[in-house]
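Please read the following walk through a single model with its sequence and coordinates open beside the text. The paragraphs move from a loop to the helices and then to the question of confidence.

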Amino acid sequence: MSLAARFGREDSTNQMETTVPTTKRKTTATRRAKANSTDAIEILMNDHREVEKMFKAFEKLRKGNGDDEAKRELVDRACAALTVHTQIEEEIFYPATRGVLRDAELGEEALVEHGSVKELIAKLEKLQPGEELYDATFTVISEYVKHHVQEEEKKMFPQIRKADVDLDALGAEMKQRKDELEEENGPIEAGSEGSATTNMGRNSGQAHRRTAH
Ligand SMILES: [Fe+2]
Ligand SMILES: [Fe+2]
C-alpha cells in the first residue's frame, strides 16, 4: 500500500464527495486541484497539513486512552510520512532554493531541526506503545515539527516564492522522488514489531544523496 493510501487521502476525499453540499464541493475540488499541483511549495504544504491531521488524531487517542495498536499504526504512518518529506526537502528542495534565501541561516536551521526530529524518531523506534515515554516522545516530535513548519511557511517559503525559481519543475522532480520513496517503503504493518524501524532506517541513510541542482 502506498503512503498516500495509508494517509487515507483517497478515502477521505471520496467520502466528502458523496456527502457534502454543493458549496463545499467547490472547496473539495479546489483542495484536490492543490493536491495535484506540481508547485514545489504546495506539495510541501500539503504534506504539512497531512501530518498535522495525524498529530491531532494522536492527541485524541492519547486523551481518550486509545488502544496501543491504533497508536502504533498512526505513529508509524506519521513517522514514515515525515521521513519521506524531510528526505525530499533535503535531497531536492533545500539545495535548489538555498541560493535565493534572503536569510541564509534559515536553510541551516531547517537541517538542524530535521536532525532533531530524526533523532527522536530513532528513539521512538525502540519503544513500544504503552511503554514509558512513547506518547511523550511522539508529542515532542509533533511540537518540533509544528515549530519547523511555521519557520518554513512563514519565513522560508515566502522568500522562495518571491525569487525566480521554477517551482513547477522543482515540484515535478519532488513528486517523482516522493513516489519512488513511497514505493521503496512498502507497507508498514500495524503492530508488527520492527517493521517501521526497517522502513524508516532504510530511508534515513539516504538523505543528501543529491546535493546540487
Ligand atoms: Fe516541510
Ligand atoms: Fe522541513
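In which loop does Asp 164 lie? Asp 164 belongs to the loop between H7 and H8, where helices (H or I, at least four residues) are DSSP runs, numbered from the N terminus. This is a predicted model, in which local features need pLDDT of at least 70 and side-chain atom pairs count only at pLDDT 80 or more, while totals for chains, interfaces and linings use all residues. Residues are numbered from 1 along each chain as its sequence is written, and chains are lettered from A and ligands numbered from 1 in the order in which they are written.

Asp 164 is exposed, because 5 other C-beta atoms lie within 10 Å; by the convention used here, a residue is buried if 20 or more other C-beta atoms lie within 10 Å of its own, exposed if 12 or fewer, and partly exposed in between, with C-beta atoms placed from the backbone. Although Asp 164 and Val 100 are 64 residues apart in sequence, their C-alpha atoms are 8.1 Å apart in space. Another loop, between H6 and H7, holds Leu 133, whose phi is near 80°, a positive value in a residue other than glycine. Leu 133 is likewise exposed, since 12 other C-beta atoms lie within 10 Å.

Helix H5 covers residues 68–97, and its 30 residues reach 41 Å from the first C-alpha to the last, close to the 44 Å expected at 1.5 Å a residue, a span reckoned as 1.5 Å times one less than the number of residues. H5 bends by about 45° at Glu 90, the bend being the angle between axes fitted to the seven residues ending there and the seven starting there. Of the 30 residues of H5, 24 are buried.

The largest nonpolar core (a set of buried Ala, Val, Leu, Ile, Met, Phe, Trp, Tyr and Cys residues joined through C-beta atoms within 7 Å) has 34 residues, and those with the most contacts inside it are Ala 40, Ala 78, Leu 82 and Phe 93. H4, H5, H6, H7 and H8 each supply at least two residues of this core, with the largest share, 13 residues, coming from H5. Leaving aside neighbours within four places in sequence, Ala 40 is in contact (C-beta atoms, placed from the backbone, within 7 Å) with Phe 93, Leu 167, Leu 170, Gly 171 and Met 174.

As for confidence, the chain averages a pLDDT (the predictor's confidence in each residue, from 0 to 100) of 79, and 70% of the residues score at least 70. pLDDT stays under 50 over residues 1–24 and over residues 187–213.

Terms used:
Two residues are in contact if their C-beta atoms, placed from the backbone, lie within 7 Å.
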